[in-house]
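Work through the exercises below with the chain on screen. Try each task before reading its solution.

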Amino acid sequence: MIEYIKGELTDLTPAFATVEAAGVGYGLNISLNTFTAIQGKKEVKLYVFESIREDAYVLYGFINKKEREMFELLITVSGVGANTARMMLSGMSVTELCNAISTGNAKLIQSVKGVGKMTAQRIIVDLRDKIVALGIADEIPAGGTMAAPVNNAVRDEAVAALTMLGFSPAPTQKVVVKILQDQPTLPVEQVVKLALKQIK
């Protein structure tokens, strides 16, 4: 499995990037958001999603893990393929898309080419809880209002540690975020200790 590719950006269009790493040129399908973020750069690091089918082996590249996580969630929804998911991430930023999902704004989601009314509603129903649980939404609760920001580096490290201990990422994320909202200056080890007492 390829986690990310880091190397020289040798070719770039709004939908496709070629990154050379260790003498190999990797072609990656990208969103407009990623295109904007890497435009003009010589060296890039793109997180990768591999789509392996009988007739094709396709790589998708993302500027950060949140965009990739959003993409992976979108393609779990019935009726949303990889190209539609990429189109959605081209039309909206991850934050805008999360806002639309958490507030149930089907019209905004429908504004993306190829997304109909039924698909937009399915995306909202299927993903509303997941985007908050995984922390993709920057802690947007189901009601759609922003909660207090948390230290993402501490949050990610604490969740990773707890996941390695065998806890499920989704409930772990919620507990860690709550702890950091209440006590934002806590170091990782303290967050993990508190979380261990609270995770059901």
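The exercises go from the overall fold to one helix and then to the cores; the model is predicted.

**Exercise 1. Fold and compactness**

Task: How many helices and strands does the protein chain have, and in what pattern do they run along the sequence? Why can the chain be called as compact as a globular protein of its length?

Solution:
- Step 1. Count the elements. The secondary structure holds nine helices and five strands.
- Step 2. Put them in order. The pattern along the sequence is β-β-β-α-β-β-α-α-α-α-α-α-α-α.
- Step 3. Compare sizes. The radius of gyration is 18 Å, close to the 16 Å from the globule rule for 200 residues, so the chain is as compact as a globular protein of that length.
- Step 4. Add the extents. The C-alpha trace spans about 50 × 45 × 35 Å along its principal axes.

**Exercise 2. Burial, contacts and surface**

Task: What share of the 200 residues is buried? What share of the contacts with a separation of 6 or more joins residues 24 or more positions apart?

Solution:
- Step 1. Take burial, meaning under 20% relative accessible area. Buried residues make up 42% of the 200.
- Step 2. Take contacts with a separation of 6 or more. Residues 24 or more positions apart account for 51% of them.
- Step 3. Turn to the surface. Its accessible area is about 10600 Å², and carbon and sulfur atoms hold 55% of that.
- Step 4. Place the charges. There are 21 positive and 20 negative ones, and their mean positions lie 7 Å apart.

**Exercise 3. Helix H4**

Task: Which residues of H4 (residues 94-102) are buried, and what covers them?

Solution:
- Step 1. List the buried residues. They are Val 94, Leu 97, Cys 98, Ala 100, Ile 101 and Ser 102.
- Step 2. Recall helix geometry. An α-helix has 3.6 residues a turn, so residues three or four places apart point the same way.
- Step 3. Find the cover. It includes helices H2 (65-74), H3 (82-91), H5 (106-110) and H6 (117-133).
- Step 4. Go past the helix end. Gly 104 follows H4 and has a positive phi, near 70°.

**Exercise 4. Nonpolar cores**

Task: Which residues have the most contacts inside the largest nonpolar core, and which element gives the most to this core?

Solution:
- Step 1. Start with the core itself. Among its 30 residues, Met 70, Leu 74, Ile 109, Ile 123 and Leu 127 have the most contacts inside it.
- Step 2. Assign elements. Strand E5 (57-62) and helices H2, H3, H4, H5 and H6 each give two or more residues. H6 gives the most, with six.
- Step 3. Follow one residue. Beyond four places in sequence, Leu 74 touches residues including Val 80, Leu 97, Ile 123 and Leu 127.
- Step 4. Look elsewhere. A second, separate core has 14 residues, among them Val 154, Ala 158, Ile 179 and Leu 180.

How values were computed: Residues are numbered from 1 along each chain as its sequence is written. This is a predicted model: local features need pLDDT of at least 70, side-chain atom pairs count only at pLDDT 80 or more; totals for chains, interfaces and linings use all residues. Side-chain values use heavy atoms; hydrogens and water are left out. Helices (H or I, at least four residues) and strands (E, at least two) are DSSP runs, numbered from the N terminus. The radius of gyration is taken over C-alpha atoms; the globule rule is 2.2 Å times the number of residues to the power 0.38. Buried means under 20% relative accessible area, exposed over 50%, partly exposed in between (1.4 Å probe, protein chains only). Contact means heavy atoms within 4.5 Å. Accessible areas come from the Shrake-Rupley method with a 1.4 Å probe; for residues, only the protein chains shown count as cover. Lys and Arg count as positive and Asp and Glu as negative; His and the chain ends are not counted. The place of a charge is taken as NZ of Lys, CZ of Arg, CG of Asp or CD of Glu. A nonpolar core is a set of buried Ala, Val, Leu, Ile, Met, Phe, Trp, Tyr and Cys residues joined through side-chain atoms within 4.5 Å.
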